[in-house]
Each structure stands twice: as C-alpha cells, then as structure tokens.
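Hi everyone, thanks for coming. Let me put the structure up on the screen, and then we'll talk about charged side chains.

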Amino acid sequence: MKRLGKARELVLGLFEDDDPKEPGYDPVQLGASIVVALAALGGLYWLLWTLLVYEGGLFLKLAALLRLLFTSATLRDLGYEGSYAQGAFEGWFGNVAALAITVLVVASLRRLYRDAARKPRAGR
C-alpha cells in the first residue's frame, strides 16, 4: 500500500506547479521568436534580392556607370531613352535603397556587437 501512495504522489507531482527557481516554458515566447526569425529571414532575402538581382542588380549598374565614365559610350548606347526606358540603369533606385539599408543594418549590428564586447561579463 505504501508503494501505491508513493507512486500516486509521484504522478501527482508531475502536474503540480513547477519550482519557481526553475526556468519555465512559455509557448507564446517560442511562437514569437519563430515569427520574428521568419520575418528577419524574409527581410534579409528581400534586401539581398533587391541589391543583387532586381533589374540586373547593383553590379550591372556599376559596370554601366564605369563604362559611361571611362569610355566614349553615351547614355543612348546603354539603352537610356528617358525616364520611361532607362536601359542599363533600370531599377537603380531600388538597388541604391537596398544598398543604403544594408549599410545601415551592418553598421547597427557592428555597433551592437562592439557595445556587447565592452560590457564586463558576470561570472568571470
């Protein structure tokens, strides 16, 4: 009979409140972290796609600009016919905006890492 009482207490102990010193599991925090991670991955994908692929990417625009500056090529040679048909420079605003956002994100992350490295660590 004593064994039955101990087994009952063991089973009931599984469903009682946890020890307050023990870290708890919160499914809302887990779900929020998954949503934030997926949103960050989507943002990174958009940023890199816009920077490197959209309308030929930034490198195509840089090559066209260098060709324009250092050769005898004209805007018409590169397909430029006005604001409606920009030729090799089509989509330049999106590429430059993605470059600016990328530089801002990298600078922000660098600052966060540098600030974290300067803080003294507890327990050392």
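Arg-111, Asp-115 and Arg-118 are linked in a network of salt bridges. Please keep in mind that what you see is a predicted model.

How many salt bridges does a search of the whole structure find? The search finds two, so let's take them in turn, using a cut-off of 4 Å between a side-chain nitrogen of Lys or Arg and a carboxyl oxygen of Asp or Glu.

One salt bridge joins Asp-115 to Arg-111, and here the closest N and O atoms are 3.8 Å apart. The other brings the side chains of Asp-115 and Arg-118 together, with an N to O distance of 3.9 Å.

Why can these side chains pair at all? In general, side chains of opposite charge can do so when their charged atoms come close.

Now look at where they sit. Helix 4 covers residues 92-118, and because Asp-115 and Arg-111 are four residues apart in that helix, about one helical turn separates them. On the other side of the pairing, Asp-115 and Arg-118 are three residues apart in helix 4, so they too are separated by about one helical turn.

And are these residues buried or exposed? Arg-111 is exposed, with a relative accessible area of 60%. Arg-118 is exposed as well, at 60%. Asp-115, at 31% relative accessibility, counts as partly exposed.

So, to recap: Asp-115 forms a salt bridge with Arg-111 and another with Arg-118. Thanks for listening!

Definitions and conventions: Residues numbered from 1 in each chain as written. Predicted model: local features only at pLDDT ≥ 70, side-chain atom pairs only at ≥ 80, totals over all residues. Heavy atoms only, no water. Helix = DSSP H or I, 4+ residues; strand = E, 2+ residues; numbered from the N terminus. Buried < 20%, exposed > 50% of the residue type's maximum accessible area, 1.4 Å probe, protein only.
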